[in-house]
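Dear colleague,

I am passing on the structure we spoke about, with the sequence alongside. Please have it open while you read the notes below, which go through what was found.

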Amino acid sequence: MHNPHIHALAPEHIPFIVEACANWRELAQWGPPYWRPRSVAELQRKIADTSGPMPASAYTFVIEAGGMLVGECSLHAIDWRNRHAEVGICIWSPEHRRQGYGRFGVREMMDWARNELGLVRLEAWILVENGASRSLFESPGFTREGVLRKRYRHGGVQQDVCVYGLILT
């Protein structure tokens with residue numbers, strides 16, 4: 001694994017992300033939000049949502065390693081009153097998966113949620129069949145709390161989603 005870093009999603013990242021996610025059908029099998037092609041407008045909205053004086057309801061970062069973007073990580077569905085958020089991780093290309101970039105992204109989001117945002121709880125919603133992602137979140141201490149039956153539609157089939165939780169200390 002090259003020495004990875006995260007950067008806040010910025011306009012200059014958009015063309016690369018749209019291209020990296022062009023094979024959205026391959027990504028869709030791993031879960032939301034890749035059930036459709038990524039668009040410039042969607043990514044521009046994500047950037048706009050984080051600008052301004054008020055705290056955002058989501059923050060998206062890109063993961064860079066060896067001078068190239070390999071994936072993204074996010075805190076989204078932030079509930080400021082109750083101090084919790086969902087964590088999202090996606091390593092776009094199969095050749096970059098299982099290289100430690102996802103683990104790096106999870107750890108960065110845990111640290112950022114705790115130290116920068118003061119959140120106390122994180123959740124990860126993962127397809128039941130996605131064993132790699134379940135392991136990715138179990139390794140730093142997320143606990144499986146339940147299953148949402150028929151929560152995600154892919155390929156014409158409703159799939160179950162595991163909900164994992166972590167209390168940040």
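**Ser74 and its surroundings**

The side chain of Ser74 makes a polar contact with the side chain of His76, at 3.0 Å. Please keep in mind throughout that this is a predicted model. Ser74 has its place in strand E3, and with a relative accessible area of 11% it is buried, the cut-off for that word being under 20%. If residues up to four places away in sequence are not counted, Ser74 touches Tyr59, Thr60, Glu86, Val87, Gly88 and Met109.

**Cys73, next on the list**

Cys73 also has its place in strand E3, and at 0% relative accessibility Cys73 counts as buried. Leaving aside its neighbours within four places in sequence, Cys73 is in contact with Ile6, Tyr59, Thr60, Phe61, Ile63, Gly88, Ile89, Gly105 and Met109. Cys73 and Phe104 are 31 residues apart in sequence, while their C-alpha atoms are 9.5 Å apart in space.

**How the strands pair**

Strand E3 pairs with E2 in the antiparallel sense over 7 bridges, and E3 pairs with E4, again in the antiparallel sense, over 7 bridges. In the first of these pairings, Ala65 has Met68 of E3 as its bridge partner, and the hairpin that E2 and E3 form has 2 residues between the strands, with Gly66 in the turn taking a positive phi of about 60°. In the pairing with E4, Cys73 stands opposite Ile89, and the hairpin of E3 and E4 has 4 residues between the strands, with Arg83 taking a positive phi near 65°.

A further antiparallel pairing is that of strand E6 (residues 143–154) with E7, which are joined by 8 bridges. Here Gly146 has Val163 in E7 as its bridge partner, and E6 and E7 form a hairpin with 2 residues between them, where Gly155 in the turn has a positive phi of about 60°.

**The nonpolar cores**

In soluble globular proteins, nonpolar side chains tend to be buried together. In this model the largest nonpolar core has 31 residues, and those with the most contacts inside it are Leu75, Leu119, Leu122, Phe137 and Phe142. Two or more residues of this core come from each of strands E2 (59–65), E3 (68–79), E4 (84–91), E5 (121–127) and E7 (157–167), and likewise from helices H4 (101–115) and H5 (131–138). Of these elements, H4 gives the most, with 6 residues.

Leu122 may be a useful residue to select when you look at this core: leaving aside its neighbours within four places in sequence, Leu122 is in contact with Leu75, Ala85, Val87, Met109, Met110, Ala113, Phe142, Tyr164, Gly165, Leu166 and Leu168. There is also a second, separate core of 11 residues, which includes Leu27, Val62, Cys90 and Trp92.

**Two sides of helix H3**

Which residues of helix H3 (residues 40–49) are buried? They are Glu42, Leu43 and Ile47, and because they cover an arc of only 140° around the axis, they lie on the same side of H3. The buried residues of H3 pack against helix H1 (14–20), whereas Arg45 and Asp49, on the other side of H3, are exposed.

**Cysteines**

How many disulfides does the structure hold? The number is 0. Cys90 is in no disulfide, and the nearest cysteine sulfur to its own, that of Cys21, is 6.0 Å away; Cys90 is buried, with a relative accessible area of 9%. Cys162 is likewise in no disulfide, the nearest cysteine sulfur being that of Cys90 at 18 Å, and Cys162 is buried, with a relative accessible area of 0%.

**A loop residue, Gly141**

Gly141 has its place in the loop between H5 and E6, and with a relative accessible area of 35% Gly141 is partly exposed. Once its neighbours within four places in sequence are left aside, Gly141 is in contact with Gly165 and Leu166. Gly141 and Asp160 are 19 residues apart in sequence and 22 Å apart in space, from C-alpha to C-alpha.

With best regards

Notes:
Residues numbered from 1 in each chain as written. Predicted model: local features only at pLDDT ≥ 70, side-chain atom pairs only at ≥ 80, totals over all residues. Heavy atoms only, no water. Core = buried A, V, L, I, M, F, W, Y, C linked by side-chain atoms within 4.5 Å. Buried < 20%, exposed > 50% of the residue type's maximum accessible area, 1.4 Å probe, protein only. Contact = heavy atoms within 4.5 Å. Arc of directions from axis to C-beta. Polar contact = N/O pair within 3.5 Å; in protein donor to acceptor, adjacent residues only side chain to side chain. Disulfide = S-S within 2.5 Å. Pairing = 2+ DSSP bridges.
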